[in-house]
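Hello,

Here is the structure I promised to send over. Please open it alongside this message, and my notes follow below.

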Amino acid sequence: MKQNIALVLSGGGARGIAHIGVIEELEKQGFNITSIAGTSMGAVVGGVYTLGQLQAYKNWLYKLDKLKVFSLIDFTFRSHGLIKGDKLFNSLQSFISDANIEDLRIPYAAVAADIINKKEVVFTSGSMYEAVRASIAIPTFFSPVKSGDGLLVDGGIINNLPIEHVKRNPDDILVVVNVNALTAVDKPSVPDNRKAAKRSVYQQKIRNFYRHLYKIKPTSHKERFGYFDVINKTIGLITYRTTQLSLEKYSPDILINISRECCSAYDFYKAQEMVKLGRYAAGKSIDAFKTKGKSPLPG
């Protein structure tokens, strides 16, 4: 008989692609996912999985090389976000249909933060796409989502590891995936003879990307890098702290740690590498759980 699990997936930008590999390894080893809760990229992967479209989503990510990443960026001159996100979601909707959360095959929850009413917002009904769009609205990067009298942004700033929102049945074990662990990078080798050539193209696109940002917010050369660096580090500190509080309060049966140093939050072109890393990390934690009854210590 398969072991039922309640699965919690953290946010973490491109590192969250590792959730795909984690899910694949869990199913390969005979686990049955009965519910999912996620924040930001965890909400994306969890949502696509509950729609039964994980393979299609992975195939799309694998084709998302460095050039295509930038083709999906739609800049906006609004002061509260640099990217609208419409191109990205229109691309997803071309092959993944939306659905109401309450109609999904297993219980699902996505977390966002309402910065006007200063509260956590948990989506357990309504449009999957609307829930995911709100959950990934990284402050100052993606435009926030209006909701009634509120304004919703990335749930990671308030609850990056929403363990308390996953539905659990009496026979479920709790499996938590943290892609922001302060641990050393531990991953299998990923051979790629084209890596150097791709990197040079990507670096040029990065320069063009920042050049566009500086037109929106002119600064000196020194300040312009510091500005975004401070934002990213601040958000990273917030999400790290909320994650640690969740892990201190709740005790997962299996904790799967992915190092926050494995890639940048925006390295979505590394999809194949991150999926492989997710499978690798999941396998190690599952083995530890089976042999010792516990997974590695929190990171």
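Glu-24 is partly exposed, at 21% relative accessibility, and in this predicted model it forms a salt bridge with Arg-279, the closest N and O atoms being 2.9 Å apart. Glu-24 belongs to helix H1 and Arg-279 to helix H9, so the pair ties together parts that are 255 residues apart in sequence. Arg-279 is partly exposed too, with a relative accessible area of 30%. Lys-58 also comes into the picture: salt bridges with shared partners join Glu-24, Lys-58 and Arg-279 into one network.

The count for the model is five salt bridges. Another one involving H9 pairs Asp-186 with Lys-284, and there the closest N and O atoms are 2.5 Å apart. Asp-186 sits in the loop between E9 and helix H7 (195-216), while Lys-284 is in helix H9, so this pair ties together parts that are 98 residues apart in sequence. Both ends are partly exposed, with Asp-186 at 36% relative accessibility and Lys-284 at 42%.

Then there is Arg-168, which forms a salt bridge with Asp-253 at 3.8 Å between the closest N and O atoms. This pair links distant parts of the chain, 85 residues apart: Arg-168 is in the loop between E8 and E9, and Asp-253 is in the loop between helix H8 (221-249) and strand E10 (254-259). Arg-168 is partly exposed at 43% relative accessibility, as is Asp-253 at 27%.

Arg-168 leads on to a residue I would like you to look at, Asp-172. Asp-172 is buried yet has no salt bridge, and Arg-168, the nearest side chain of opposite charge, is 6.0 Å away. What does the side chain of Asp-172 reach instead? It reaches the backbone nitrogen of Asn-169 at 2.8 Å, and a polar contact of 3.0 Å joins it to the side chain of Thr-34. Asp-172 is located in the loop between strand E8 (150-154) and strand E9 (173-181). Leaving aside neighbours within four places in sequence, its contacts are Gln-3, Asn-4, Ile-5, Ala-6, Thr-34 and Lys-167.

Next, helix H2 (residues 41-50). Ten of its ten residues are buried, so H2 is largely enclosed by the rest of the structure. The buried residues include Met-41, Val-44, Val-48 and Tyr-49. What do they pack against? The partners are strands E1 (3-9), E2 (31-39) and E4 (108-114), together with helices H1 (18-28), H3 (54-62) and H6 (128-135).

The backbone around H2 is worth a look as well. Ser-40 is placed in the loop between E2 and H2, and its phi is positive, near 55 degrees, in a residue other than glycine. Ser-40 counts as buried, at 6% relative accessibility. After H2 comes Gly-52, whose phi is also positive, near 75 degrees. Lys-118, likewise a residue other than glycine, has a positive phi near 55 degrees. Lys-118 lies in the loop between E4 and strand E5 (119-123) and counts as exposed, at 70% relative accessibility. As background, most residues other than glycine have a negative phi.

On to the nonpolar packing. The largest nonpolar core has 59 residues, of which Leu-7, Ile-17, Tyr-57, Tyr-108 and Phe-123 touch the most other members. Helix H9 (residues 271-292) gives the most to this core, with seven residues. A second, separate core has eleven residues, including Ala-37, Leu-161, Leu-247 and Leu-255. Back in the largest core, Ile-17 touches Met-41, Leu-61, Phe-268, Ala-271, Met-274 and Val-275, not counting residues up to four places away in sequence.

Last, the cysteines. How many disulfides does a search of the whole structure find? The result is zero. Why is there no bond between Cys-262 and Cys-263? The sulfur of Cys-262 is 4.4 Å from that of Cys-263, its closest cysteine sulfur, which is too far for a bond; a disulfide would need the two sulfur atoms within 2.5 Å. Both residues are buried, with Cys-262 at 5% relative accessible area and Cys-263 at 7% relative accessibility.

Happy to talk any of this through.

Best wishes

Definitions and conventions
Residues are numbered from 1 along each chain as its sequence is written. This is a predicted model: local features need pLDDT of at least 70, side-chain atom pairs count only at pLDDT 80 or more; totals for chains, interfaces and linings use all residues. Side-chain values use heavy atoms; hydrogens and water are left out. Buried means under 20% relative accessible area, exposed over 50%, partly exposed in between (1.4 Å probe, protein chains only). Helices (H or I, at least four residues) and strands (E, at least two) are DSSP runs, numbered from the N terminus. Contact means heavy atoms within 4.5 Å. A nonpolar core is a set of buried Ala, Val, Leu, Ile, Met, Phe, Trp, Tyr and Cys residues joined through side-chain atoms within 4.5 Å. Lys and Arg count as positive and Asp and Glu as negative; His and the chain ends are not counted. A salt bridge is a side-chain nitrogen of Lys or Arg within 4 Å of a carboxyl oxygen of Asp or Glu. A polar contact is a pair of N or O atoms within 3.5 Å; within protein, one must be able to donate a hydrogen and the other to accept it, and residues adjacent in sequence count only if both atoms are side-chain atoms.
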